[in-house]
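Please open the model in your viewer and keep the selection panel at hand. The tour below proceeds by selection, with a description of what is found at each stop.

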Amino acid sequence: MASRRPDAGDRARRPGSTVRVSVVLRCRPLNANERAEKVPEVITVDEHARTMAVARGGAGTSTTNGGKRETSESKEFAFDDVFGTQSTQERVYDSAVRPMVKDVLEGMNCTVFAYGQTGTGKTHTMSGAHDAECDVLSSEAGVIPRAMSHIFEHLKSKELEHSVKVTYLELYNEKITDLLGASTDGTNATEHALMEDGKNGVVVKGLEEVYVGSTEEAFAVLNRGNALRKTEATDINAHSSRSHSVFSVTVHWTDVSPDGEEFVRTGKLNLVDLAGSENISRSGAKDKRAKEAGAINTSLVALGRVITALVDKSVHIPYRDSKLTRLLRDALGGKSRTCIIATVSPASHSVEETLSTLEYAHRAKNIKNSPVVNGKKSKSDFLNEMQRCIEHLQADLLA
Ligand code: ADP
Ligand code: MG
């Protein structure tokens with residue numbers, strides 16, 4: 001289906017222009033257990049009107065407030081797009097993420113967040129069916145393999161000299177570990193520090209950068225990271241519900257100016273699978289498990305505070321309060337373009353979490369970014385920089 005939104009990318013390329021964060025909602029279908037138990041559904045999706053309504057029983061008057069319509073029977077929210085229980089992975093990619101990747105390939109930085117309660121389809125949306133046996137682009141492939149395929153198809157069709165590198169990190173308990181940098185014993189226990197880098201913003205020290213030459217190679221790297229995530233966790237579900245993962249892709253390509261000078265351009269895409277949003281409400285608990293959850297809340301709570309501060313146009317935006325908000329600062333009120341894919345369950349027993357996700361996502365629509373196209377580098381400067389990088393790495397190895 002064609003995108004019904006105006007392409008914000010063109011507006012963004014005008015200096016000084018701002019672009020709203022794009023916010024889309026996806027509702028998963030009832031699962032087999034819920035169907036067997038005949039769990040009532042409380043979500044109504046109108047894909048044409050781009051609204052999602054939550055039923056809550058009763059009858060009465062109605063009020064309208066900035067894209068949010070409320071009656072005592074239901075609460076309805078309008079978003080940039082909504083995807084019902086039967087929406088395909090392809091439609092979600094084409095509508096929500098394809099425009100972002102197009103901008104990455106024009107030299108911008110873009111971030112896609114998946115936000116929602118555990119079990120609502122964040123990982124399904126971002127990674128999809130990602131078992132090593134699956135085809136790279138089966139109909140169940142999620143945003144990450146589709147984005148990689150889109151990037152390589154573009155680079156090949158334009159016959160551009162290029163390089164594509166990926167990193168994949170996990171943030172658990174305010175510790176960053178490298179999902180691609182397993183040490184010889186097969187663990188990823190090493191913690192990586194965040195460092196302020198005047199030129200590139202915040203960088204993660206010592207993170208493995210893997211160069212990939214095709215969608216298949218990128219898919220294998222994604223699977224390697226996901227497999228490590230599984231073997232590290234003692235309780236996979238608890239771990240994945242409390243950890244954030246960030247898959248980042250940096251694309252460099254060579255372009256030629258009208259006077260024949262070769263220069264290198266850069267675009268970067270961050271694909272973020274956030275911890276379950278229900279973790280926000282556990283922060284008061286005191287036992288060890290909850291304490292761990294509390295530490296993860298640091299990043300999720302900080303994300304909420306940053307969003308509130310941006311929406312309220314506060315003077316101070318508390319980016320420094322967590323690793324996640326430091327790492328993705330540019331995606332929140334900065335120079336990147338951002339899309340939030342919020343996921344919900346249709347089941348009546350999740351209605352409170354669902355309402356809280358819809359309220360959160362609805363507020364985030366008010367965040368404005370000022371995307372810019374990354375500066376071009378002459379090819380010789382770029383090669384010199386790469387050479388210095390290699391020398392640093394060699395020195396690190398010998399140290
Ligand atoms: P989360 O990452 O938010 O905790 P998952 O992505 O692991 O949730 O999804 C939970 C379960 O629901 C998985 O078995 C997944 O395959 C299934 N699921 C989620 N979203 C959908 C969807 N849109 N269509 C079909 N199945 C889905
Ligand atoms: Mg998940």
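**Stop 1: an uncovered helix**

Select helix H11, residues 379-398: none of its 20 residues is buried, so by the criterion of 20 or more other C-beta atoms within 10 Å the helix is hardly covered. The model under inspection is a predicted one. Place a distance monitor between the first and last C-alpha of H11; the helix reaches 29 Å, close to the 28 Å expected at 1.5 Å a residue. While viewing down the axis, recall that an α-helix has 3.6 residues a turn, so residues three or four places apart point the same way.

**Stop 2: the strands around E15**

Next, select strand E15, residues 244-256, together with strand E10, residues 162-172; the two run antiparallel and are joined by 10 bridges. Within this pairing, threonine 167 has serine 248 of E15 as its bridge partner.

Now add strand E16, residues 262-273, which is antiparallel to E15 and joined to it by 12 bridges. Here aspartate 255 stands opposite phenylalanine 263 of E16. Follow the chain from E15 into E16: the two form a hairpin with five residues between them. In that turn, glycine 260 has a positive phi of about 90°.

**Stop 3: the shell of ligand 1**

Finally, select ligand 1 and display its surroundings, which include Arg28, Pro29, Asn31, Lys122, Thr123, His124 and Thr343. Also among the surrounding residues are Gly116, Thr118, Gly119, Thr120 and Gly121. Colour the shell by residue class: one member is nonpolar, nine are polar and two are charged. Which helix gives the most to this shell? Helix H4, residues 122-126, does so, with three residues.

Notes. Residues numbered from 1 in each chain as written. Chains lettered and ligands numbered in written order. Predicted model: local features only at pLDDT ≥ 70, side-chain atom pairs only at ≥ 80, totals over all residues. Near = placed C-beta within 6 Å. Helix = DSSP H or I, 4+ residues; strand = E, 2+ residues; numbered from the N terminus. Nonpolar A, V, L, I, M, F, W, Y, C, P; charged D, E, K, R; others polar. Expected span 1.5 Å × (residues − 1). Buried ≥ 20, exposed ≤ 12 C-beta atoms within 10 Å, placed from the backbone. Pairing = 2+ DSSP bridges.
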